[in-house]
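Please open the model in the viewer and keep the selection panel at hand. The stops below are given in the order in which they should be selected.

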Amino acid sequence: MAARTPALETFPPLRAWQRKALVEYLRRRSDDFTAVATPGAGKTTFALRIAAELLADGSVEAVTVVAPTEHLKTQWAESAARVGIQLDAAFRNADVHSAADFHGAVVTYAQVGMAPHVHRRRTMTRRTLVILDEIHHAGDSRTWGDGVKAAFEPAVRRLMLTGTPFRSDDNPIPFVSYERGSDGLLRSRADSVYGYSDALRDGVVRPVLFLAYSGETRWRTNAGEELAARLGEPMTQDLVAQAWRTALDPAGDWMPQVLRAADARLTVLREAGMPDAGGLVIASDQQTARSYAKLIEQVTGEKAAVVLSDDVGASARIATFGASQQRWLVAVRMVSEGVDIPRLAVGVYATSASTPLYFAQAIGRFVRARRPGETASVFVPSVPHLLGLASEMEVERDHVLGKPSDREGFDDDLLERAQRDDQASGELEKRFTALSATAELDQVIFDGASFGTAAQAGTPEEEEYLGLPGLLTSEQVAALLSKRQADQLAAQRRRVAERSGVPAAPTVAPPAPMSAAQRRVALRRQLNALVAARHHRTGQPHGKIHAELRRLCGGPPSAQATIEQLEERIATVQTL
């Protein structure tokens, strides 16, 4: 029996961006359409509505969805079934054709790459709409990209979806349009764009607080030399890499302290209106993930769910966690992109992957809003490159071809291998041995601005930030962070006065000399206050104002900026 045509009147109401993009799609009626929307915005619903429209008016007879992972195949099929579109998630290349009572099939990019001729034959047999989910994966390798192009060139319609329309390499993405800019470089062009800042304004996604943790690290090189460095301080790329990896060592003190803080934050969210809030630890490999799960059990007294790869049962474990009240999930690959667990609200970025693509995909797991006022909290190592990515959450990127390579971090290749086979490489372990690491809260990053001064783990100063209410608007978050920072600085001044035996000086007394670190904190605070004032005058988001100051003055985000750069931005914003 042939599959029934889906009934459009049964579809859930569309969000404003979905309606606008749908109208644009139906107006154009072009073969290719690329939609960029931030994770959690509803790309799946948008795509299924287009599929239903085209099936209903006879423009297409079949639908093929291409997804990055086996788990997402199941997720797509279940979402489609809820709106009357039947997709075969169990389709294998050897099947050649789906049963007649399906509208089509869901496959992975790997499946297509292995046998593009099978999918080309299916596409040519019936007029087909192809939905390419997270289309940037089609550029992962020549096999995948060439396979997707060969298989789906005969499709009458192709809909490309992505929440991260950029890559870290020059591999062109099939069916995506590129336009040459004034600098001579080719940039991807989307037909519909709905960014994080737009979604945040509409209440579709949660505001994200990044709690950056630094600390002292010690390690031994393969030559037997012992080195020490403070995580987050300026140093060479190799030293950053080794300090970072030392901090993430399950045998040190940094991870237990950060996990304890993250669990305390999770408790606050659960008690403040998100009773089912869950946490996710993102690890680099299987062995480390298992070690983190043991740490979580030691810290919280509750077992963590562990998802390591696309093996049999992984999808079921994710679904079970998503529907449960369990506090923590530890994952290597399965939850980095596309997987929908709306209750995830606290994250620990315990991987040394540092590409903008991976970071954005990982943070995307925490931003989906379910009710007004929900916030997300992500704990990250205080590494300059990560702090920059956290400060630029609202920046919209394109895929640029021909741009000079500028790789940061140190083991993105290791992460890629871990994602493919979930086996840790021993290459980096041979270079040095982690000895010890301690953690302290370095700063909180929100809306492109940096707040707070260093606070040791387990102190009242740290608890002040961990205890921020869980249900807040973006404006309330910024106001509370500013107040916390002011209180923290005032308390520091009182302690200095008490140690010197001199009563706290009145405000008219000359201020005590500040260290460079204290000066930077004071300047960041002043800059944030000026940006907030401009936000109230103009209505512009804080992040966009900070981005404009960076464009005018140059330099990195304020979390990484020097004293001179902060002073220049303060002078500039006062003239705007």
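Begin with aspartate 285, which caps the N-terminal end of helix α10: one of its side-chain oxygens lies 3.2 Å from the backbone nitrogen of glutamine 287. Such a polar contact is a pair of N or O atoms within 3.5 Å; within protein, one must be able to donate a hydrogen and the other to accept it, and residues adjacent in sequence count only if both atoms are side-chain atoms. The model is predicted, so local features need pLDDT of at least 70 and side-chain atom pairs count only at pLDDT 80 or more, whereas totals for chains, interfaces and linings use all residues. Residues are numbered from 1 along each chain as its sequence is written, and side-chain values use heavy atoms, with hydrogens and water left out.

Next, select residues 286-300, which form α10. Helices (H or I, at least four residues) and strands (E, at least two) are DSSP runs, numbered from the N terminus. The end C-alpha atoms of α10 are 21 Å apart, in agreement with the 21 Å that its 15 residues should span at 1.5 Å a residue; the expected span is 1.5 Å times one less than the number of residues. Colour Gln286, Thr288, Ala289, Tyr292, Ala293, Leu295 and Ile296, the buried residues of α10. Buried means under 20% relative accessible area, exposed over 50%, and partly exposed in between (1.4 Å probe, protein chains only). Just after the helix, glycine 301 has a positive phi of about 80 degrees.

Now display the whole chain, which contains 19 helices and 21 strands. Of its 576 residues, 53% are buried.

Move to α2, residues 43-56. How many of its 14 residues are buried? The helix is mostly covered, with 11 of the 14 buried; among them are Phe46, Leu48, Ile50 and Leu54, as well as Lys43, Arg49 and Glu53. The elements that cover these buried residues include α1, β1 (32-37), β2 (62-67), α3, β5 (128-132) and β6 (157-162). The end C-alpha atoms of α2 are 20 Å apart, which agrees with the expected 20 Å. Glycine 58 follows α2 and has a positive phi, near 80 degrees.

Add α1, residues 16-28, to the selection: the axes of α1 and α2 come within 10 Å and cross at roughly 35 degrees. Axes are lines fitted to C-alpha atoms, for helices over the stretch in contact, and angles run from 0 to 180 degrees between N-to-C directions. On the α1 side, Trp17, Gln18, Ala21, Leu22, Tyr25 and Leu26 meet residues of α2 that include Thr45, Phe46 and Ile50; contact means heavy atoms within 4.5 Å.

Centre on glutamine 18 in α1. Glutamine 18 counts as buried because its relative accessibility is 3%. Beyond its neighbours within four places in sequence, glutamine 18 is in contact with Ala41, Gly42, Thr45 and Phe46.

Select glutamine 86, in the loop between α3 (70-82) and β3 (87-88). Is glutamine 86 buried or partly exposed? Glutamine 86 is partly exposed, with a relative accessible area of 31%. Its C-alpha atom is separated by 7.6 Å from that of aspartate 101, 15 residues apart along the chain.

Finish at leucine 357 in helix α12 (residues 356-363). At 13% relative accessibility, leucine 357 counts as buried. Leucine 357 and threonine 164 are 193 residues apart in sequence, yet their C-alpha atoms are 6.4 Å apart.
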